[in-house]
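Work through the exercises below with the sequence and the 3D view open. Try each task before reading its solution.

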Amino acid sequence: MTTQSKISPAFEPFLGHSQPNARKDAIVIYRGLVSPGSMPQPGTAAYFETLKQQEQTNQSIANKIINDYQNATRQSFYAEPVGRGSLPIAQIEVTRQSLPILAQHPDVVAILPNQRIHLIEPKGVDYSSLQKQELEDKLTWGLKRLEIPKVWETTQGENVTVAVLDSGVHGDHPALKGRVKDFIVIDPLGRRITASPSFDSGQHGTHVCGTIAGGKTEEGLSIGVAPQANLIVAGVLVGDATLLTLIEGISWAVEKGAKIINMSLGLSYYEPLFPQVFDILVNQYGILPIVAIGNENHGNTSSPGNAYNAFSVGAVEQIETDNLGITFFSSGASLVFPADSPNAWVTKPDVSAPGAQIYSCIPPVKMDNGVFQYTYMDGTSMATPHIAGIAALLMSACPEAPLSKIIDVLKKTAYHPGGEEQRPDNRWGWGMVRPLEALKALK
């Protein structure tokens with residue numbers, strides 16, 4: 001790995017017009033000592049015990065990098081490990097002159113600018129009444145098409161923790177009663193703020209949580225894919241959120257033993273080095289990062305959902321003939337990196353799920369015609385929590401199954417209208433997931 005390849009190309013506009021000694025915050029990923037597959041299952045007692053040891057090791061490596069950097073530059077830069085050290089990532093100030101010096105350190109793997117992140121906004125919000133068919137079925141159309149009640153005969157997601165990094169959550173919502181086990185706010189400076197009761201700075205996070213693990217509405221309608229899964233929620237999109245905010249939220253989720261991290265957010269640019277973060281989650285900790293691919297239409301993707309090792313999700317809609325189709329807004333593209341074997345050709349999304357007219361819970365909203373606690377939303381960020389909930393069901397039913405196997409069965413058993421020879425593609429990915437078939441294949 002060359003010094004230049006460790007530096008994100010996004011630094012060029014980030015530092016290009018600044019003074020040579022102007023300081024900017026950077027996210028530095030370094031080489032930890034966890035070997036792939038060596039961590040116990042997330043959430044177990046053995047996991048937390050091993051994690052404590054790993055945090056101490058990572059912090060010592062980070063401190064060495066920081067000391068070497070200060071000595072080499074003969075300057076005092078603000079620098080500290082992110083979180084408690086569960087992730088081999090640090091926040092370090094850089095200048096145009098000091099950035100190459102930091103990149104030369106043998107333990108440094110990648111350096112990214114601390115740019116802003118943003119919510120992948122829903123394409124539509126509709127406060128209309130429940131559709132007649134959903135009322136009759138006592139299920140949202142997404143749960144019905146995914147045949148979720150048949151999976152519930154085996155599991156409802158017990159003993160699986162899903163982290164939601166979003167706008168927060170209205171944990172007092174009746175549909176989420178008892179499901180939100182922990183809540184924190186990460187401010188734009190990366191500081192962890194304890195808040196009680198939990199709150200949502202918008203509506204998005206609560207809607208996402210409802211789709212993952214919500215219970216029933218007052219009318220008896222089931223909205224959540226894995227209603228017995230445990231939710232931990234970090235409000236990482238409160239104020240002017242940055243990459244540091246997101247990394248701090250990911251670190252918190254790792255510390256709490258999450259097996260799945262749901263993210264419906266993105267950067268305003270393509271970040272080729274972000275896969276290093278997901279590599280740590282997937283290969284070192286066995287944690288599944290599930291990311292919305294974006295609502296920018298076909299031919300586009302959002303980063304970090306377009307990272308080769310993100311499990312990214314496109315949106316399916318139900319059309320009038322009762323057939324399924326990919327929504328017009330659902331993003332998807334192929335990224336080509338000729339020199340980057342074995343990931344020279346990356347096709348996104350990975351899979352697709354219901355993402356249009358998704359009914360779920362929100363914080364109470366007063367309107368002229370009453371108070372609304374539920375609404376319909378459209379977006380790939382509505383499809384993503386369906387996949388997070390399905391992954392929780394599979395992990396609960398088969399707790400010893402390796403993460404690679406769960407990813408494989410979700411892809412291989414998915415439905416694609418073009419058949420085996422046309423997948424994966426930029427619209428369906430491998431296809432719309434079929435949880436019941438995936439469960440059978442996993443067993």
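The exercises go from sheets to cores, then to a helix and aromatic rings.

The model is predicted, so local features need pLDDT of at least 70, side-chain atom pairs count only at pLDDT 80 or more, and totals for chains, interfaces and linings use all residues. Residues are numbered from 1 along each chain as its sequence is written, and side-chain values use heavy atoms, with hydrogens and water left out.

**Exercise 1. An open sheet**

Give the strand order of the four-stranded open sheet, and find its edges.

Solution.
- Start with the elements. Helices (H or I, at least four residues) and strands (E, at least two) are DSSP runs, numbered from the N terminus. Two strands pair if DSSP finds at least two bridges between them.
- Read off the order: 2-3-1-4, with antiparallel pairing.
- Now the edges. Strand 2 (79-81) and strand 4 (108-113) each have a single partner strand, so one side of each lacks a neighbour in the sheet.
- Add the twist: it averages 25 degrees from one strand to the next. Axes here are lines fitted to C-alpha atoms, for helices over the stretch in contact, and angles run from 0 to 180 degrees between N-to-C directions.
- Check one pairing. Strand 1 (residues 24-30) and strand 4 are antiparallel over five bridges. Ala26 has Pro113 of strand 4 as its bridge partner.

**Exercise 2. Helices across the sheet**

Find which strands helix 2 and helix 9 lie across, and the angle of each to strand 1.

Solution.
- Take helix 2 (residues 45-73). It lies across strand 1, strand 2, strand 3 (89-94) and strand 4, at about 130 degrees to strand 1.
- Take helix 9 (residues 275-284). It lies across strand 1, strand 3 and strand 4, at about 40 degrees to strand 1.

**Exercise 3. Strand 13**

Is strand 13 mostly covered or uncovered, and which strands pair with it?

Solution.
- Fix the terms: buried means under 20% relative accessible area, exposed over 50%, partly exposed in between (1.4 Å probe, protein chains only).
- Count. Five of the five residues in strand 13 (residues 288-292) are buried.
- Split them by face. Leu288, Ile290 and Ala292 are on one side; Pro289 and Val291 are on the other.
- Find the partners. Strand 11 (residues 260-263) pairs with strand 13 in the parallel sense over four bridges. Strand 14 (residues 311-318) pairs with strand 13, also parallel, over three bridges.
- Locate Ile290. It is the bridge partner of Asn262, and it stands opposite Phe311 in strand 14.

**Exercise 4. Nonpolar cores**

Name the residues with the most contacts inside the largest nonpolar core.

Solution.
- A nonpolar core is a set of buried Ala, Val, Leu, Ile, Met, Phe, Trp, Tyr and Cys residues joined through side-chain atoms within 4.5 Å.
- The largest one has 73 residues, and Ile260, Ile290 and Ile387 have the most contacts inside it.
- Its largest share, 10 residues, comes from helix 10 (residues 380-397).
- Look around Ile260. Contact means heavy atoms within 4.5 Å. Beyond neighbours within four places in sequence, its contacts include Val160, Val162, Ile290, Ala388 and Met395.
- A second, separate core has 48 residues, among them Ala234, Val277, Leu281 and Ala310.

**Exercise 5. One side of helix 12**

Find the buried residues of helix 12 and what they pack against.

Solution.
- In helix 12 (residues 435-442), Pro435, Leu436, Ala438, Leu439 and Leu442 are buried.
- They cover an arc of only 160 degrees around the axis, so they sit on the same side of helix 12. The arc is that of the directions from the helix axis to the C-beta atoms.
- They pack against helix 6 (148-152), helix 10 and helix 11 (403-412).

**Exercise 6. Aromatic pairs**

Classify the pair Phe183 and Phe199, then the pair Tyr359 and Tyr374.

Solution.
- Rings of Phe, Tyr and Trp (its six-membered ring) pair if their centres lie within 6.5 Å; planes under 30 degrees apart count as stacked, over 60 as edge-to-face and the rest as tilted.
- The structure holds nine aromatic pairs.
- Phe183 and Phe199 are 5.7 Å centre to centre with 75 degrees between the planes: edge-to-face.
- Phe183 is in strand 8 (residues 180-186), and Phe199 is in the loop between strand 9 (192-193) and helix 7 (204-213).
- Phe183 is buried at 7% relative accessibility, whereas Phe199 is partly exposed at 33%.
- Tyr359 and Tyr374 have ring centres 5.7 Å apart and planes at 10 degrees, so this pair is stacked.
- Tyr359 lies in strand 19 and Tyr374 in strand 20 (residues 370-378), 15 residues apart. Both are buried.
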